Amino acid sequence: MSSFPFTPSRRSFVAGTLALAGSPAAAMVAAPDRLIAGTYASRGGAGVVPLAGTAKGWSAGAPAVAIRNASFGVTSRDGRFRYLLDESEAGTLGIYDRALKPLGSVSTLGAHPCHAALSPNGGMLAVANYSSGNVALWRLDRKTGLPVGAAQSVAHRGSGPNQRRQTGPHAHWVGFSRDGRTLHAVDLGADAVFAHRVDPASGRVTGSDVAYRATPGSGPRHMAWHPRLPVAYLLAELANTVTVLRADVDGGFTGGATLSTLPAKFSGASYGAHIAVNRAGTRLYLSNRGHDSIAVFAIARDGGLSLLQHVSCGGHWPRLFLLREDRGELLVANERSGNVAVLRVRGDGRLSEPARGPAIAGVVFLSA
């Protein structure tokens with residue numbers, strides 16, 4: 001197994017990447033930029049909403065009302081297929097073409113699926129089921145985009161000291177290694193990162209280990225890889241911290257420094273949500289729900305972190321955000337205020353004050 005982990009495929013369409021050279025104005029593109037926004041029906045969301053971006057800003061189109069509770073999704077590398085999650089009690093994975101025409105749907109074999117990842121070669125798809133605490137894995141036909149055979153369900157085990165949130169496992173993030181032989185899964189309820197060993201030929205998990213034990217009660221939620229170093233960054237939702245993890249050759253991790261994602265003087269309730277690294281591997285971005293901010297960290301040559309900035313998210317309850325290299329922007333899905341805020345990214349990677357952006361009720365997900 002390679003000691004240099006694969007940058008999870010979700011970042012190519014969810015977090016995006018951003019070069020830190022040149023002005024935002026120079027990065028603006030003439031042709032409209034197209035994105036989609038997923039929404040929660042419980043927050044008034046009407047379905048998946050198309051977004052169009054020009055030099056004048058972003059606008060929302062008519063929603064695809066049949067696609068409900070799309071909390072996350074991934075797009076095939078050739079852009080032909082979208083895989084969108086319906087985060088409901090009976091979790092569903094919907095397969096669509098680029099124009100959101102439905103091609104098929106399957107059960108995620110669990111409750112409230114919240115994250116997905118494609119393998120490096122596009123031949124496997126994994127999903128994290130939050131409420132049921134398990135991971136589902138499919139082989140895919142890359143010509144049709146559809147699953148081949150039945151999915152495999154891999155159950156997590158474990159709990160934490162937070163009696164409201166950690167009475168059992170809650171899988172919250174998945175990502176493949178560079179060679180496709182390890183599927184890492186971050187579990188909020190178990191305070192752990194699991195390493196599931198995958199046979200690429202069969203597309204089946206053959207064994208599982210705990211890759212990293214997080215601080216009890218911290219509730220790890222998402223992880224992001226450095227683009228070159230054997231380093232990952234683990235965001236803890238309940239503790240509001242980010243931990244530097246050094247990748248071991250066996251798929252495990254050794255924990256390094258842990259830093260708060262919040263200002264030192266803040267004492268209110270807040271929960272970490274999303275994390276992303278820019279393409280240059282020099283900046284790390286995280287969202288704080290409650291403090292309603294984006295934290296920006298500088299990444300040193302050895303992968304270490306130092307805080308640069310906190311800036312308003314431009315709304316309330318920033319769930320997922322999207323870095324757009326071609327536009328020099330960071331777009332934030334503010335769930336409770338129902339808007340997509342627009343923050344300019346400066347030449348040094350810091351963020352400018354936000355513009356509110358288009359109104360989209362219950363927005364939780366953004367994707368190219």
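This passage describes the fold of the chain, four groups of strands and loops, and the largest pocket, as found in a predicted model.

The secondary structure of the chain consists of two helices and 27 strands. The radius of gyration is 19 Å, close to the 21 Å that the globule rule gives for 368 residues, so the chain is as compact as a globular protein of that length. The C-alpha trace spans about 50 × 45 × 35 Å along its principal axes. Of the 368 residues, 58% count as buried.

One sheet of the model is open and has four strands, in the order β3-β2-β1-β27, with antiparallel pairing. Its edges are formed by β3 (57-60) and β27 (363-367); each has a single partner strand, so one side of each is left without a neighbour in the sheet. From one strand to the next, the twist averages 30°. Within this sheet, β2 (residues 49-54) pairs with β3 over four bridges in the antiparallel sense. In this pairing A52 stands opposite S59 of β3. In general, strands of a sheet pair through backbone hydrogen bonds, either parallel or antiparallel.

A second region is built around β22 (293-299). On one side, β21 (283-289) pairs with β22 in the antiparallel sense over six bridges. Y285 stands opposite V296 of β22. The two strands form a hairpin with three residues between them, and G290 in the turn has a positive phi of about 120°. β22 also runs antiparallel to β23 (residues 305-312), to which seven bridges join it. Here I294 stands opposite V311 of β23. The hairpin of β22 and β23 has five residues between the strands, among them G303 with a positive phi near 95°.

β22 is mostly covered, with seven of its seven residues buried. In a regular strand the side chains alternate between the two faces of the sheet. In β22 both faces are covered: S293, A295, F297 and I299 are buried on one side, and I294, V296 and A298 are buried on the other. V296 thus appears both among the buried residues of β22 and in the pairing with β21, opposite Y285. I294 is likewise listed as buried and stands opposite V311 in the pairing with β23.

The loop between β21 and β22 contains D292. D292 has a positive phi of about 55° although it is not a glycine. Most residues other than glycine have a negative phi. The relative accessibility of D292 is 15%, and D292 therefore counts as buried, the cut-off being under 20%. Another non-glycine residue with a positive phi is H112, at about 55°. H112 lies in the loop between β7 (102-107) and β8 (113-118). With a relative accessible area of 22%, H112 is partly exposed.

A further hairpin involves β18 (241-247) and β19 (residues 253-260), which pair in the antiparallel sense over six bridges. T241 of this pairing stands opposite S260 in β19. Five residues lie between the two strands of the hairpin, in which G251 takes a positive phi near 95°. On the other side of β18 in the sequence, the loop between β17 (231-236) and β18 contains A239. A239 counts as partly exposed because its relative accessibility is 34%. A239 and G168 are 71 residues apart along the chain, and their C-alpha atoms are separated by 18 Å.

Empty space in the model was also examined. Rolling a probe the size of a water molecule over the atoms shows where such space is left. The largest pocket has a volume of about 360 Å³. Its lining comprises 19 residues, and Y40, R165, R221, R289 and R319 lie nearest the centre of the pocket. By residue class, the lining divides into five nonpolar, four polar and 10 charged residues. One of the residues nearest the centre, R289, belongs to β21 (283-289), the strand that precedes the loop holding D292.

Key
Residues are numbered from 1 along each chain as its sequence is written. This is a predicted model: local features need pLDDT of at least 70, side-chain atom pairs count only at pLDDT 80 or more; totals for chains, interfaces and linings use all residues. Side-chain values use heavy atoms; hydrogens and water are left out. On a 1 Å grid over the protein atoms alone, a cavity is a set of points where a 1.4 Å probe fits but cannot get out, and a pocket is an open set with protein on both sides within 12 Å along at least five of seven lines; lining residues have an atom within 4 Å of a point. Grid points are joined across faces, edges and corners, and a volume is the space filled by probe spheres set on the points. Ala, Val, Leu, Ile, Met, Phe, Trp, Tyr, Cys and Pro count as nonpolar, Asp, Glu, Lys and Arg as charged, and the others, Gly among them, as polar. Buried means under 20% relative accessible area, exposed over 50%, partly exposed in between (1.4 Å probe, protein chains only). Two strands pair if DSSP finds at least two bridges between them. Axes are lines fitted to C-alpha atoms, for helices over the stretch in contact, and angles run from 0 to 180 degrees between N-to-C directions. The radius of gyration is taken over C-alpha atoms; the globule rule is 2.2 Å times the number of residues to the power 0.38.
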